[in-house]
Protein chains: 2
Amino acid sequence: MEPYYAVIFTSRQTKNIEGYSEMSDLMETLAKQQPGFLGMESARNEVGITVSYWQNLENIKNWKANLDHLTAQQKGRKQWYSYYKVRICKVEREYEFER
Amino acid sequence: MEPYYAVIFTSRQTKNIEGYSEMSDLMETLAKQQPGFLGMESARNEVGITVSYWQNLENIKNWKANLDHLTAQQKGRKQWYSYYKVRICKVEREYEFER
């Protein structure tokens, strides 16, 4: 499977998260339809972490430039997020455990 | 800052998480004392995601082999986790937004 790519998106929200949940669901639905999409995992407590997985850097670039996604990014900066950081990573090795 | 390394640890817990919280706090304290440690972020809902950041692969290898950490890993497989996956990643690019 490796190498493939991971986008680590960490964020802190503002107090005004109206509309966030719907947009988040929509973005997840859209991301899954993009070429090269491999998977996505999210969790949020004080900090939110979403990691999405992609076949290559071109896939990530295309998703970043997707028009609906650009709208979501803009709303995120304007309203929902007080902070976020995006890290583009190459997954070099992986292993797993299953009971 | 780039390149540096990220370890993405995703997990699902069993129903028997006795002792997990204390061990998790201890591992965070210990990780922060390791050479090359750059930072760590965690969140958990249905899935838990912990991402730790390191200067190089050697730092990650050393932390994986740390004796206290090995004990925690063993307890994790025996009791706390029904599933986990570890991905070792090279952070190639990053950008951030702050309000």
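Guide: A residue is called buried when its relative accessible area is under 20%. Please keep in mind that the model before us is a predicted one.

Visitor: With that cut-off, is B:Ser52 buried or exposed, and what is its relative accessible area?

Guide: B:Ser52 has a relative accessible area of 8%, so it is buried. This residue lies in strand β3 of chain B, residues 48-54.

Visitor: Which residues is B:Ser52 in contact with, leaving aside its neighbours within four places in sequence?

Guide: B:Ser52 is in contact with B:Tyr5, B:Ala6 and B:Val7, and also with B:Gly39 and B:Met40. In addition, its side chain makes a polar contact of 2.8 Å with the side chain of B:Trp54.

Visitor: How should one think about side chains along a strand in general?

Guide: In a regular strand, side chains alternate between the two faces of the sheet. Let us turn to a strand of chain A.

Visitor: Why is strand β3 of chain A described as largely enclosed by the rest of the structure?

Guide: The reason is that six of the seven residues in β3(A), residues 48-54, are buried.

Visitor: Which strands of chain A pair with β3(A)?

Guide: Strand β1, residues 4-13, is joined to β3(A) by seven bridges, and the two run antiparallel. One place to see this pairing is A:Thr10, whose bridge partner in β3(A) is A:Ile49. Strand β2, residues 37-44, also pairs with β3(A) in the antiparallel sense, over seven bridges. There, A:Ser42 has A:Thr50 as its bridge partner in β3(A).

Visitor: How many residues stand between β2(A) and β3(A) in their hairpin?

Guide: Three residues stand between β2(A) and β3(A) in that hairpin.

Visitor: Where is A:Trp80 found, and is it buried or exposed?

Guide: A:Trp80 is found in helix α3 of chain A, residues 67-80. With a relative accessible area of 2%, A:Trp80 is buried. Beyond residues up to four places away in sequence, A:Trp80 touches a number of residues, including A:Ile17, A:Tyr20 and A:Met23 of chain A and B:Arg99 of chain B. The C-alpha atoms of A:Trp80 and A:Lys90, ten residues apart along the chain, are separated by 28 Å.

Visitor: How is the size of an interface often given?

Guide: It is often given as the accessible area lost when the parts come together. Between chain A and chain B, the buried area is about 3700 Å², and carbon and sulfur atoms give 53% of it. In chain A, the residues that lose the most area to chain B are A:Tyr95, A:Phe97 and A:Arg99, together 18% of what that side buries.

Visitor: How many residues of each chain are in contact with the other chain?

Guide: In chain A, 41 residues are in contact with 41 residues of chain B.

Visitor: How many salt bridges and how many residue pairs in polar contact are counted between chain A and chain B?

Guide: The count is six salt bridges. One salt bridge is formed by the side chains of A:Glu94 and B:Lys85, at 3.7 Å from N to O. The count of residue pairs in polar contact is 25, with both residues at pLDDT 80 or more.

Visitor: Which element gives the most to the side of chain A that touches chain B?

Guide: That element is β4(A), with 18 residues. By class, this side of chain A has 20 nonpolar, seven polar and 14 charged residues.

Visitor: How many bridges join β4(A) to strand β4 of chain B?

Guide: The two strands are joined by 15 bridges and run antiparallel. As an example, the bridge partner of A:Arg93 in β4(B) is B:Ile88.

Conventions
Residues numbered from 1 in each chain as written. Chains lettered and ligands numbered in written order. Predicted model: local features only at pLDDT ≥ 70, side-chain atom pairs only at ≥ 80, totals over all residues. Heavy atoms only, no water. Helix = DSSP H or I, 4+ residues; strand = E, 2+ residues; numbered from the N terminus. Buried < 20%, exposed > 50% of the residue type's maximum accessible area, 1.4 Å probe, protein only. Contact = heavy atoms within 4.5 Å. Polar contact = N/O pair within 3.5 Å; in protein donor to acceptor, adjacent residues only side chain to side chain. Pairing = 2+ DSSP bridges. Buried area = accessible area lost by both parts, 1.4 Å probe. Salt bridge = Lys/Arg side-chain N within 4 Å of Asp/Glu carboxyl O. Nonpolar A, V, L, I, M, F, W, Y, C, P; charged D, E, K, R; others polar.
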